[in-house]
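Colleague: I'm new to this, so please take me through the model in front of us, one step at a time.

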Amino acid sequence: MLRATWRISKAVAFLIGLALDLLLRPSCDVQDSAERVHRCCQRLVRALGVAWKVQGDLPASGVVIANHLSYLDILLLAAVRPFVMVAKSEVRGWPLIGWITAQAGTVYVVRGGGPATYPGVNRAMAEAYRSGLPVLFFPEGTTTDGSEVLPFRRGLFHSVLKEGAAVHPAALSYAIDERDIRAGMTVANDVCWWGDATLAPHLFRLAGMQGIRAAVNFGEEVTSRRDRFELAETSRDQIAIMYTQLECSWSGEMATAHEAELAEVL
């Protein structure tokens, strides 16, 4: 309990510090705001006890799409590099977070808004592409327990094709400490945030864990893009393969760790 309280207190302090910084020194452009959010997220992720590794080349522009497991994904990717985020419209109304994300140029999308919302979303996405930063969104449209990568929603791919933006797939995966596993915790329930799990108790459990390891793998640009249907399906398949490879890499690391422990005992 003490560990979780301390980590969450630090995270809140970093968020308040970022908000004050943005308020007292207004940003000159989206890049400047995103850079400050990036530096804050590096501190936030570390404060929550998360260590991360990155594979592949960091995209410098275009669109980055990834599988979606938890609220932690957003902090993690923003810690890896500055992005313009795409978020559900409800985020704009969240206390403090909504204001910070707006300062960083976030594009808000009404989920299930239908064709009436497309022109506004396309204009906002086009402006985001011109920011000079890669634009990040999660085309599954929701979080999962990590057992699979869901079929992608195709709505935002319309703007991708319209603006000719390059699509870079990314896969995220998490692993937890052996001590947390022995205590009955799992990545699916205690790192992934999905279903009807309530945020506050989930965050408290996550922050109280011994440690979380995260991996981000950036893949090759998706080139099969005759239409948004093909682009969405090909991207999803590519990310599913990358995600499976990351999951297998954790198994390999665990086996190596067990062998090292055994050798030490012998």
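Modeller: Let's start with a word we'll need: contact means heavy atoms within 4.5 Å. The model is predicted, so local features need pLDDT of at least 70 and side-chain atom pairs count only at 80 or more, while totals for chains, interfaces and linings use all residues. Residues are numbered from 1 along each chain as its sequence is written, and side-chain values use heavy atoms, with hydrogens and water left out.

Colleague: Which residues of H2 meet H1?

Modeller: Helices (H or I, at least four residues) and strands (E, at least two) are DSSP runs numbered from the N terminus. H1 brings Arg7, Lys10, Ala11, Phe14, Leu15, Leu18, Asp21 and Leu22 to the contact. From H2, they meet Ser33, Arg36, Val37, Cys40, Arg43, Leu44 and Ala47.

Colleague: How do H1 and H2 lie relative to each other?

Modeller: Their axes (lines fitted to C-alpha atoms over the stretch in contact, with angles from 0 to 180 degrees between N-to-C directions) come within 9 Å and cross at roughly 170 degrees. Angles over 145 degrees count as roughly antiparallel. H1 and H2 are therefore roughly antiparallel.

Colleague: And H2 with H3: what is the word for their angle?

Modeller: H2 (residues 30–47) and H3 (residues 72–80) pack with axes 7 Å apart, at about 125 degrees. Under 35 degrees would be roughly parallel, 65 to 115 roughly perpendicular, and whatever fits no other class is oblique. So H2 and H3 are oblique.

Colleague: In what order do the strands of the open sheet come?

Modeller: Two strands pair if DSSP finds at least two bridges between them. Seven strands form this open sheet, and the pairing is mixed. Their order is E1-E7-E6-E2-E5-E3-E4.

Colleague: Which strands stand at the edges?

Modeller: Look for strands with a single partner, so that one side is left without a neighbour in the sheet. Those are E1 (50–55) and E4 (107–109).

Colleague: What are the bridge partners of Val63 in E5 and E6?

Modeller: Val63 sits in E2 (residues 63–66). E2 runs parallel to E5 over three bridges, and four bridges join E2 to E6, also parallel. Opposite Val63 in E5 is Val135, and in E6 the partner is Val167.

Colleague: Are the residues on the two faces of E2 buried or exposed?

Modeller: Under 20% relative accessible area is buried, over 50% exposed and in between partly exposed (1.4 Å probe, protein chains only). Val63 and Ile65 lie on one side, Val64 and Ala66 on the other, and all of them are buried.
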